[in-house]
Amino acid sequence: MDSKLAGNDGVKRGASTLRTALKNCLTNKHQQKRSDYLELFVIEKHLWRLNQEKSNLNRRVQQIDEEMATIEGTIARLKRAIDLEQQHRRVVLQGEKPSPAVPQMKTMTMGY
């Protein structure tokens, strides 16, 4: 940048007037462009990660469903056993013969 001194027709020279490769060849300077390939790679990588996470979550949901089914089966079996035991107690208290479906408990006397 050239600037004139006040009252003097001389030209002030400084570092701004030096010819450098950057200033001299602005057309040759690398133009910053948006890299579509890089953006495509990043988006595909993110999509792959989301699909992997979805797969892991689906597998976990399936494991939870299987475990819940097992627990519900155990609960149902235990409730049936409790109901049979209560029914047997009611029958015994009423003085009737217990149904053959419920086996009699065997007791053993311990004499020392």
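Biologist: In this predicted model, which elements of the protein have the lowest and the highest mean pLDDT?

Modeller: Strand β1, residues 3-4, has the lowest mean pLDDT among the elements, at 48, and α2 has the highest, at 92. Over residues 1-5 the pLDDT is below 50, and this stretch has 10 contacts in the model beyond near neighbours in sequence. For the protein as a whole, the average pLDDT is 78, and 62% of the residues score at least 70.

Biologist: What makes up the secondary structure of the protein?

Modeller: The secondary structure comes to two helices and two strands, and read along the sequence these follow the pattern β-β-α-α.

Biologist: How do you know that the span of α2 is close to the one expected?

Modeller: Helix α2 has 59 residues, for which 87 Å is expected at 1.5 Å a residue, and the distance from its first C-alpha to its last is 85 Å, close to that value. After α2 comes G95, whose phi is positive, near 85 degrees.

Biologist: Why is H88 called buried?

Modeller: The cut-off for buried is under 20% relative accessible area, and H88 has 18%, so H88 counts as buried. This residue lies in helix α2, which covers residues 36-94. H88 is also 16 residues from Q104 in sequence, while the two are 9.5 Å apart in space, C-alpha to C-alpha. Of the 112 residues of the protein, 4% count as buried.

Biologist: What makes the pair E85 and R89 a salt bridge?

Modeller: The rule asks for a side-chain nitrogen of Lys or Arg within 4 Å of a carboxyl oxygen of Asp or Glu, and the closest N and O atoms of E85 and R89 are 2.7 Å apart, which meets it. By this rule the count comes to one salt bridge.

Biologist: Why are E85 and R89 separated by about one helical turn?

Modeller: E85 and R89 are four residues apart in helix α2, and therefore about one helical turn lies between them. In general, an α-helix has 3.6 residues a turn, so residues three or four places apart point the same way.

Biologist: Are E85 and R89 buried or exposed?

Modeller: Exposed means over 50% relative accessible area, and partly exposed lies between that and the 20% limit for buried. R89, at 52%, is therefore exposed, whereas E85, at 42%, counts as partly exposed.

Biologist: Which residues make the nonpolar surface patch, and why does F41 count as exposed?

Modeller: The patch, of about 310 Å², is made by L38, F41 and V42. F41 has its place in helix α2, and its relative accessibility is 51%, set against a cut-off of over 50%, so F41 counts as exposed. The protein exposes about 11,600 Å², of which carbon and sulfur atoms supply 58%.

Note on methods
Residues numbered from 1 in each chain as written. Predicted model: local features only at pLDDT ≥ 70, side-chain atom pairs only at ≥ 80, totals over all residues. Heavy atoms only, no water. Buried < 20%, exposed > 50% of the residue type's maximum accessible area, 1.4 Å probe, protein only. Patch = residues over 30% accessible without salt bridge, like charges linked within 9 Å, V, L, I, M, F, W, Y side chains within 5 Å. Areas by Shrake-Rupley, 256 points an atom, 1.4 Å probe, with all protein chains shown as cover. pLDDT = per-residue confidence, 0-100. Contact = heavy atoms within 4.5 Å. Expected span 1.5 Å × (residues − 1).
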